[in-house]
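Colleague: I would like to learn how to read a two-chain model at the bench, beginning with the interface and ending with the interior. Could you take me through the features one by one, giving the general idea before the case?

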Amino acid sequence: MNLKHPFWQGVLVLVLAYVVIKWGIGYLLPMIGVPSAPVPSTVVTQYMLTVLVGVLLYMSAESDRWAAFKAPMVRTMVDPGRRALRGILLVGLPLLVGWVAYQGVKPSFGAPATLRSIHPAPPNSITFRGATMELAGLENPLRHSGDMEAHLAVGNAVYTRNCVPCHGDLLDGQGHFASMLTPVPADFTNTGTIVQLTESYVFWRIAKGGPGLPNEGAPWNSAMPAWETILDENETWSVILFLYERTGSTPRTWEEEGAEGEAH
Amino acid sequence: MRAATGAGLALLVAMPLLAQAAGPDYGEFGIFGLDRRGAVWIAAQLHLLFAAFVLGVPMFAVVIEAIGIFTDNERYDKLAKEFTRLLLVAYSATAIWGAILVFFISTLYPRFWVYLTAIFAPSMWLYAALFFFESFTLYLYYYGWDAWKKGAAKKFHWGLGILLNIWGTIVMFIANGWLTYMMSPPPDVTVDTAPQTVQLWSAINNATWMPINIHRLIANVVFGGAIVGAYAAYRFLTSESDEERAHYDWMGYTGNLIAIGALIVLPFAGYWLGREIYEFSQQMGITMMGGFMSWLWIIQAFLIGVLFLAGNYYLWIGMGRIPGAERFQPYIKWMLLVLVVGVIVWATPNTMIASRDEVAAMGGQQHPFLGVLGVMSAKNTAVNLMILTTFLSFMLYRRANKEPVVSWAKTGTMLQGAAFAIAAVIVVFYGIYGYFVTAIVRIGFSVYQVLAVLATIIFVILIDSAMLRGAKSRGEIQWGKMPARSQYALLILAVTFTWLMGLMGFARSGIRQHWHVYEVIRDTSEQAFTPALGPAATMISICVAIFFGLVGMIFWLGGLAEKSVYEETAK
């Protein structure tokens, strides 16, 4: 194998990319103390496809390099001296494709990969214990009234009493029940959860829970109860204050003229 | 929605009164396995694609004609005329699909049609009149091409081209008023508002009307360039002489340049539209960006990655026919590396599709390490670096066969390099800093990143223009000496643009969910659900395939017409 040859260079890049994506991110990073996890197979496929396109574009961007890149493949297909290799490839490649296809369609016991929007669109208004609340532009009223320490104490108590079993005492979604739930409870320390959201959004989610998720994008899977039957408005706003204070984060704020969002 | 003929439209406008008296809300349809929504969907999508064709290509033609006039280069004039010829057939296709659309809406959604006409009837009459003017201006523009070829007559002819674009733009603005009303009706219009009491101007001038107008206007320039590129590629691949190949090679390059150039400013118009949607309804905004439709943005990111890769690839291959370009070859792999990493970052989903085991291993739907690439800080950084890289590719292409003779050439090049480096540092700095500030501050950072890139583009072009004045040539570009694979890049660009228009159009329209007019007229048909991404993508792909089948025929007709003219001249 001549590594100065474009064909083998291309193969090497693909192998290296696969090793980095499949094992480097999933296993090597945690060994050096960087939080990581194995990359889902859908994302591995997406990344490898991008790298493959990149390799092919580079090889074919210049005519001599493209001819050199194709040469081993062309030789294998026509050279009389490579009859055996050709035979192996002509039998082996279709078998490989068949095997991959079989792996993709064979019945299995695992639940299929799912696509779930973790930030469903909130309604413009909700009813909370019979009263209508406009969510757009709504801010946490406790930030501007009363004693903050007292609010946080109430929030702490509410959280400890009701939320710890699932969301955990470190607010990281690792409560005692967490491992039995799919999807797992939200990790409030993760930058992808409450930091991305306005407090009115969090209020809506706590008040209405899983049963109150919108029809859009159904079916929803969530074990979150609708807390409006247990917590009053003051307790709900207090526990929201507590979530942000304890994780050291700030809620998304409203723009002066309206709201702005980010892709998820 | 662009309508058909004036007579047909007037008749249909009169129908509401009949329909209002009695009759069902919805008509029945069941041909080829399509339901009523599928029928309207295909008709609307194809009408829109042809409408973009007949709006985008005249913009291209009139700009190219102007270049021909002011540089006194007949090659440009020939190119502009060649495209105007294609427009004649494309106009018919637009009108036919517009008529099908209007007939489908009025017969399959009669009550909703009654509602729309009660508000918009005068604008529909104006629309039909303008379409008439537009068509006749096109006929004058095309058939008068050779009659008004010199001096003041040529300027008059060019004026006709401008007029054609003005008619077309107004027609599009009117139709945009109808469809944006369905998305974002004025706040005082409610479920109980009688349509006769809605003010026409307030209905047209709704929250998303102007952002859609601007977004579509720029997108049409992009689309026009891409279609020109595809036509040139088709003709290049079927050319039989070197002269023909040289002509179509040059045409393809010009189309690609205009498409990619306009593409660079398109995201700003899209950003404005997105803001207006959020301001109109937070729910609609989150459905679009964070909820059900968010995966479309990942598909969009991937397809825009394809555009960047294909656009650059075309330039890199093109450097093979420019003497002196060899010296820039070593840089290609690094530019490609930036683009590939950029595409990977840009298309990394925040919420990943994962099996139960994979979700458990990640501790949620977000990956603990790759999750940092799923947010806007990373994506804005990636796309700005990709724009910078694409611009660098273009500058190297432009510089390839030129040798500046001005005394300050070295300093100028160093200044250009410094501008690139500073822009890259600003983009990366704000990208990283974005992780440490609140969302509201972070959104502002994208403006700094974009300004840094735009300022660099302007600065580098200004220096380049001054520096290359009177530059020595290392040899002429050998037009036509392009490998066939370069032309497939142009075809991929056109198909990808078309696909993007369909997919993102679905996002725009789909965020209304189960409403004909958002929160005013509810969809009570059995198709009131929003289709899942798979069926929607299939439907859009079918539309794209039909569109290119018909466009292929138009291209073939274009070649046929030219061949007959050529043969007559030869005789």
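Modeller: What follows goes from the interface to salt bridges, a buried polar residue, the nonpolar core and a covered helix. This is a predicted model, in which local features need pLDDT of at least 70 and side-chain atom pairs count only at pLDDT 80 or more, while totals for chains, interfaces and linings use all residues. Residues are numbered from 1 along each chain as its sequence is written, chains are lettered from A and ligands numbered from 1 in the order in which they are written, and side-chain values use heavy atoms, with hydrogens and water left out.

Colleague: How many residues of chain A and of chain B are in contact, and what is the area buried between them?

Modeller: Contact means heavy atoms within 4.5 Å, and by that rule 64 residues of chain A are in contact with 61 residues of chain B. Buried area is the accessible area (1.4 Å probe) that two parts lose on being put together, summed over both; here the figure is about 5600 Å², with carbon and sulfur atoms giving 61% of it.

Colleague: Which polar features does one count across the interface of chain A and chain B?

Modeller: One is the polar contact, a pair of N or O atoms within 3.5 Å, where within protein one must be able to donate a hydrogen and the other to accept it, and residues adjacent in sequence count only if both atoms are side-chain atoms. The rule finds eight residue pairs of this kind across the interface, both residues being at pLDDT 80 or more. Helices are DSSP runs (H or I, at least four residues), numbered from the N terminus, and α1 (6–31), α2 (41–60) and α3 (63–78) of chain A each supply at least two residues of the side of chain A that touches chain B. The largest share of that side, 13 residues, comes from α2(A).

Colleague: How many salt bridges are there over all chains, and what is the count between chain A and chain B?

Modeller: A salt bridge is a side-chain nitrogen of Lys or Arg within 4 Å of a carboxyl oxygen of Asp or Glu. The count is 18 over all chains, and zero between chain A and chain B. In one case, the side chains of Arg111(B) and Asp25(B) meet at 2.5 Å, N to O. Arg111(B) lies in helix α4 (residues 110–143) of chain B and Asp25(B) in the loop between α1 (6–21) and α2 (36–71) of chain B, so this pair ties together parts that are 86 residues apart in sequence.

Colleague: Are the partners Lys154(B) and Asp77(B) buried or exposed?

Modeller: Buried means under 20% relative accessible area, exposed over 50%, and partly exposed in between (1.4 Å probe, protein chains only). Both Asp77(B) and Lys154(B) are buried, and their closest N and O atoms are 2.7 Å apart in a salt bridge. Asp77(B) is in helix α3 (residues 74–108) of chain B and Lys154(B) in helix α5 of chain B, so the pair links parts 77 residues apart in sequence. Salt bridges that share partners join Glu65(B), Glu74(B), Asp77(B), Lys149(B) and Lys154(B) into one network. Within it, the side chains of Lys154(B) and Glu65(B) meet at 2.8 Å, N to O, and Glu65(B) is buried at 0% relative accessibility.

Colleague: With which side chain does Asn176(B) make a polar contact?

Modeller: The partner is the side chain of Arg216(B), at 2.8 Å. Asn176(B) is found in helix α5 (residues 151–183) of chain B and is buried, with a relative accessible area of 1%. Leaving aside neighbours within four places in sequence, Asn176(B) is in contact with Trp209(B), Ile212(B), Asn213(B) and Arg216(B).

Colleague: How many residues does the largest nonpolar core have?

Modeller: A nonpolar core is a set of buried Ala, Val, Leu, Ile, Met, Phe, Trp, Tyr and Cys residues joined through side-chain atoms within 4.5 Å. The largest has 227 residues, and those with the most contacts inside it include Tyr159(A), Phe53(B) and Phe547(B). The largest share of this core, 17 residues, comes from α2(B). Not counting residues up to four places away in sequence, Phe53(B) touches several residues, among them Leu87(B), Phe223(B) and Phe547(B).

Colleague: What covers the buried residues of α9(B)?

Modeller: The cover includes α7 (199–208) of chain A together with α5, α8 (242–280) and α10 (294–318) of chain B. Helix α9 (residues 282–289) of chain B is mostly covered, eight of its eight residues being buried. At the start of α9(B), a side-chain oxygen of Ser281(B) reaches to within 3.0 Å of the backbone nitrogen of Met284(B).
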